[in-house]
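Hi,

Here is the structure I promised to pass on. Have a look at it first, and my notes follow below.

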Amino acid sequence: MNAFNSGDEGFTPSPRSSAGDTASLRPPVRGAWFDPIFEYLCLSAATLLLASLGGLVISLAIGGWPALSHFGWSFFTSTTWNPVTDVYGAAGAIAGTLITSFVALALALPVAIGIAVYLVEFCPRAIARPIAIAVELLAGIPSIVYGMWGLFIFAPLFAEYVQMPLMMNAAPGSLAEKLFAGIPNGANILSASIILSIMILPYMAAVLRELLMTVPPQVREAAYGLGCTPFEVVTSVIVPYIKRGMIGVVMLGLGRALGETMAVTFVIGNAHGFPDSIFASGATLASTIANEFTEATGDLHTSALIALGLVLFIITFTVLALARLLLSSQKY
Amino acid sequence: MIDLADTATPAAAIMNEPPYDELVLEARNVDFFYGKNQALFGVDLPVRRNAITALIGPSGCGKSTLLRVLNRIYALYPGQRAVGRVVLDGEDVLHEQRRLPWLRKRVSMVMETQTGADPIEEEQVLRVGTDLARLRARVGMVFQKPTPFPMSIYDNIAFGVRIYHRKSKAEMDEIVETALRRAALWDEVKDKLHSPGLGLSGGQQQRLCVARGIAVEPEVLLLDEPASALDPISTAKLEETLVELKKDFTVVIVTHNLQQAARIADYTGFMFLGRMIEFGPTNDLFLQPKSDKTRDYVTGRFG
Amino acid sequence: MLGRDFLRNLVNRLFITACLLATVAAITALVFILWSLVVQGIGGIDLDVFTKDTPPPGSEGGLLNAMVGSLMMCAMAMAIAIIVGILAGTWLAEYGGHTRYGAVVRFLNDVLLSAPSILVGLFVYELLVRPFEGFSGYAGAVALAFLATPIVTRTTEDILNLQSHALREAGIALGTPKWLVTRKIIWRAAGAGLLTGGLLGFARISGETAPLLFTALNNQFFSADMTKPMASLPAVIFQFALSAYDDWRRLAWAGALIIAVVVLSINIIVRFIAREKKHA
């Protein structure tokens, strides 16, 4: 109680004799005038984000319009891409983009699922954390590093140990010979796909792992309580639990692969036209833009490249939008 | 009202409609809505100067909601609205006095298009302007869990004062010390005023929040189950502090602890299902309850 | 019955083994990448790399101009991204996040998070390079800012949403204007998280190449003039790696190693901050 008794020393309360004038005695709040301004500043920043996306679409549409109106539908169906004769068709690049992305996804997805499941369900805790951290760190490595590694380390090995033996052993005239045809330098559609898959792997594994961790332990325990093996728990309880989210992760990975520029540009060989074997050189939408934009020969060439950008935007926006919708509908 | 003795208003005064100026704050016929759900039904609450008023009742009865109406903290959340009157020193604080009504209307229209909120709610939920801020400074609040700001003990208390006054270092030192002394925290923290407020124990943090609340010299201090997260010793200290504060302030406390209400409150209101079932001097309410519900509750038969 | 259980066990064993193999294979591949990066890059790192400008083919040189250019553009991009991103994230968390407009902003911000960076390069080319008839460091910085802002916005919103309602109410209950509650209490309480957002944004843009190719272009010489084309580490790596000169390739590897080390360190620092925060 001592503390209380000494409490009033040196305290001079403001006079509060009658009720009515208390409010008028109290000075106004300092800085209250800034409240609406601050809110509008925040709102403007949010709107700026929105406007930047809008501006991106509009500028791509305006920039690409000359080429699109010049070539019409043939821009999407023609595989001819010839700056010399000023004829441009996007079909080769679109095909290259879709093929490399889907192959990369097909390669990376099972591995990513394996990693995530292993880390969450089976791995001893003591090493699961460091591995998970390592995986997340690798997801942040810039793509140009993957590209250089692909060009200088992976491509020569790939050419020597995969491409050459397959080409040598393919019987003349067989399907295998057609499939494996190409210049044995390691720069082709398949190696670009593999590099892409390695690049999206840590990212997908990290997101999948987070998704798996959202499954409540009771769900797991209930399934084990019924006598399920770990495999049955994962396939029949956990996977259905996060199904929508998993599709979202797949789409996110796909979105990354579709738009990836540098890792692909290094190893795809950069040849225009429709790829006719898995070892053919090719090009993607992004790699074509990266390679040719600064050296574009004329206005139509530039416009055609921007039109490629528009196509890439439409594809990736669709995929990413679907991914986000699926991920956000996943109830955590 | 420092000059007043710290005795509670005699119980008889309540029964016989006391003179108006005895009331510092009064809720009259207050309804409250969370969106479409009504949480309060015509609640009346007289709060008498320099007394401790306690609100008791089972969880979900609306006692915290009522507290949140008194300083309109609910207005932070779109969709929550109150109807009725809350009178502070003779001034209705639940509704805005419409200065420049055309401007107010424009503002609320702009707000409406931006937030998509119901314009009627915007009318009552004033988002711009100083009146609401000043109301909140006049009716302070302490929350269930301690909420020290992420700054030093000293700055925690100086923060609220700086909003209203430019003070010299010496003046501010004095205000901080006084507030801490009144909250019975000074002796424990005087050597570490500049260490973070988050470093204190739970009970100390709660008393820091009390000190912060009274440093701006509110007329009424609202406490929403302030002891629910505290151990018995800290609770006892906090209760002593509140009884001492009664000299200078008016206290309204929500508690689920009947003994706490019996120990410290001069008046107690019992709420049930959003209605004020009974209100009166604490002794009367506990010893001679008029309502069966109240008797059942205070004797521990439910709740 | 016994046969069925045996089969179940076998499938289970195979499944666990497959998961383990996937993990081992992936870790091996990724370790291999890092290892070869170190092996190839470490030889190229010497004092010259940090003190000399990019050389013409066949002569000695370093990466000084590229590093300075990268730093200047990243710093300016982060200044823009932090201002816009924190304000936008604050709006989503404190003001309009629950509205339909807020939902649209949040959704499109999430899409922007993983939008192809080369498109941002094209956009900024149309926006700043073509109208002003010249590549510039400013254009590069703006392109990078477009990439970093969504990250800062996202982390800001997430971290502000973690702050308790009681803390906001406590500030408001003192009569504090909302913007002061936000600035002095909520932002401060969320300090480490906001820093994390900024660092993540920086890590993302410091290795970005594609958006710089058509905006800042490149520059063989030292230049701190942001109105002129500017060298950057990723663009120099791209140019040198695809060249036929051994000196250039050596520098490209050294540059790639430097970028990887910087990005990894930032990410490790971020984890450290997040961890400290959790223990506090």
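Let me begin with a spot in chain B: B:N50 sits in the loop that joins β2 (37–48) to β3 (52–56). Its phi is near 55°, a positive value in a residue that isn't glycine. And B:N50 is buried, with a relative accessible area of just 2%. Before you read too much into any of this, please keep in mind that the model is predicted.

There's another asparagine to look at, in chain A. A:N270 also has a positive phi, near 50°, again in a residue other than glycine. You'll find A:N270 in the loop between α13 (262–267) and α14 (285–292) of chain A. Is A:N270 buried or exposed? Its relative accessible area is 33%, so A:N270 counts as partly exposed, since that class runs from the 20% limit for buried up to the 50% limit for exposed.

Now for the contact between chains A and C. Chain A puts 82 residues into the contact and chain C puts in 78. About 7,100 Å² is buried between chain A and chain C, and carbon and sulfur atoms give 82% of that area.

What about the charged and polar pairs? Between chain A and chain C there are 2 salt bridges. One of these is worth zooming in on: C:R8 is paired with A:E232, with the closest N and O atoms 2.7 Å apart. The interface of chain A and chain C also has 9 residue pairs in polar contact, counting pairs with both residues at pLDDT 80 or more. On the side of chain A that touches chain C, helix α3 (residues 34–71) gives the largest share, with 20 residues.

Chains A and C also come together in a nonpolar surface patch of about 740 Å². From chain A, the patch takes A:L157, A:Y161, A:V162 and A:L166, while C:V31, C:F32, C:W35 and C:V39 come from chain C. Two helices, α7 (143–169) of chain A and α1 (2–42) of chain C, each supply at least two residues of this patch.

If you want one patch residue to click on, try C:W35, which lies in helix α1 of chain C. Why does C:W35 count as exposed? Its relative accessibility is 55%, and exposed means over 50%, so C:W35 falls in that class.

Happy browsing, and write back with any questions.

Cheers

Note on methods:
Residues are numbered from 1 along each chain as its sequence is written. Chains are lettered from A and ligands numbered from 1 in the order in which they are written. This is a predicted model: local features need pLDDT of at least 70, side-chain atom pairs count only at pLDDT 80 or more; totals for chains, interfaces and linings use all residues. Side-chain values use heavy atoms; hydrogens and water are left out. Helices (H or I, at least four residues) and strands (E, at least two) are DSSP runs, numbered from the N terminus. Buried means under 20% relative accessible area, exposed over 50%, partly exposed in between (1.4 Å probe, protein chains only). Patches are made of residues with over 30% relative accessible area and no salt bridge: like charges are joined within 9 Å, nonpolar side chains (Val, Leu, Ile, Met, Phe, Trp, Tyr) within 5 Å. Accessible areas come from the Shrake-Rupley method with a 1.4 Å probe; for residues, only the protein chains shown count as cover. A salt bridge is a side-chain nitrogen of Lys or Arg within 4 Å of a carboxyl oxygen of Asp or Glu. Contact means heavy atoms within 4.5 Å. Buried area is the accessible area (1.4 Å probe) that two parts lose on being put together, summed over both. A polar contact is a pair of N or O atoms within 3.5 Å; within protein, one must be able to donate a hydrogen and the other to accept it, and residues adjacent in sequence count only if both atoms are side-chain atoms.
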